[in-house]
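Subject: Structure handover, aromatic contacts

Hello,

Here is the structure for your files. My notes on its aromatic rings follow below it.

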Amino acid sequence: MKYVTLFVFIILCAFMITVNISETASAESVNDQPKRRAELLLKDFPAAVTKTANTSLTFPYPDAVRGIYVSGSAAGSNRFNELIKFLKQNDLNTMVIDFKEDSGKLVYKPAKGSPLSAAGSNKIKSIPVMLRKLEKEQIYPIARIVVFKDSHLAYKRPEWTFRNKGKVWRNERKEAFINPFVKEVWDYNIAAAVEAAKLGFQEIQFDYVRFPEGFEKKGANLSYSKGDYGKLKISEGQKRVKAVSDFVKYAKDKLEPYDVKVSVDIFGYTATLEEAPGIGQNFTEISKNVDVISSMIYPSHWGSYFGISKPDLEPYRLVNAYMKLERKKLTSLKKPPISRPWIQDFTAAYLGKGNYQPYGKLQVEAQIKALYANGVKEFLLWNAGCNYTDNVNYKMK
């Protein structure tokens, strides 16, 4: 009995010390002890958690992933049942569900004491209940984790972001990014990925694995740490590429014990270049360390590539040209990942009259036909509002 009493006393003391440290840390200014604050946030995580996924759920890998993006708001509302019905009626089998959103917020409330708890929200009341429903319907669940675009963490930890005259820098859309050179940022996002794996998601999809667009022109005017990368005798662009590529490899290694696939979303145009040093993406290097590569190849997002002046009007031609180029890149690798592109199921009216067309059955099918023509049968549909086209020949029967 006395040993039990002693054990309880030790636990209570540890708890009180943790509370006091947390309160002290929150009272410090951002410039006082940033390293100490980072250690407090990430101490023993994820190394201390049990390295196992939720084995009570069973999700066979589909014949070929054919999926849709599902926002946290849609997943946590009555829309979720409607989207399940849509998938079942249209030969689709996968949901890419927001886990860590573009804002940096999580779509659920982590357990008290989690280093992620400050980022929690109530969009999805119970992820286990949601996943059990998907298991029943045999819908493959992928957790989307937005990595380096994270306004929430940028304001919580300004020492981890880019600063302009001492203030958190934001892009033209008022979004803040966190610094890919900072390895504590890597661990923070991997902690979220571990949570998703332990809850039962079968795949972790990292998005915004890059520096802000146009960073090669903006970075010189910003204050930020380059960490260990600042010591390297390579160009600034190569430092960015190495940091992003290193993160992907690090994430893949850290997630290995959880038996989940790892995928990365990447700008389609990066496959047309040796690398994109401005944003730090190298298609080949990233592809070496993932199970799945998901290029975003929406016709509306291209300039006059491949000799196509108005690509939104020619979805088949654009996708066909891109896939031929991507295949050359991937076949050069010893172990190429699965190619699973994001395709367009939205109308890009912002392109202006004469440069866009309404996207529906014909336009979506044109993209899928181009994928099939190049031996690719996996794809994901993007529509930010989760409004997808019905009665499309998604399986190309």
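A residue counts as buried when its relative accessible area is under 20%. Y224 has a relative accessibility of 17%, so Y224 is buried by that cut-off. F162 is buried too, with a relative accessible area of 0%. Please keep in mind that this is a predicted model.

These two residues also form a ring pair. The ring centres of F162 and Y224 are 5.2 Å apart and the planes stand at 75 degrees; planes over 60 degrees apart count as edge-to-face, so the F162 and Y224 pair is edge-to-face. The pair links distant parts of the chain, 62 residues apart: F162 lies in the loop between α6 and β4 (163-164), and Y224 in the loop between α8 (215-218) and α9. Both residues belong to a cluster linked by ring pairs, with F181, F211, F215 and Y229 as the other members.

The count for the model comes to 27 aromatic pairs. One of them joins F148 and F247, with 5.3 Å from centre to centre and 65 degrees between the planes, an edge-to-face arrangement. This pair also connects distant parts of the chain, 99 residues apart: F148 is in the loop between β3 (140-146) and α6 (151-156), while F247 is in helix α9 (residues 236-255). F148 and F247 are both buried.

There is also a contact between a charge and a ring: the charged end of K261 sits over the ring of Y61, at 5.2 Å from the ring centre.

Regards

Definitions and conventions:
Residues are numbered from 1 along each chain as its sequence is written. This is a predicted model: local features need pLDDT of at least 70, side-chain atom pairs count only at pLDDT 80 or more; totals for chains, interfaces and linings use all residues. Side-chain values use heavy atoms; hydrogens and water are left out. Rings of Phe, Tyr and Trp (its six-membered ring) pair if their centres lie within 6.5 Å; planes under 30 degrees apart count as stacked, over 60 as edge-to-face and the rest as tilted. Helices (H or I, at least four residues) and strands (E, at least two) are DSSP runs, numbered from the N terminus. Buried means under 20% relative accessible area, exposed over 50%, partly exposed in between (1.4 Å probe, protein chains only). A charge sits over a ring if NZ of Lys or CZ of Arg is within 6 Å of the ring centre and within 35 degrees of the ring normal.
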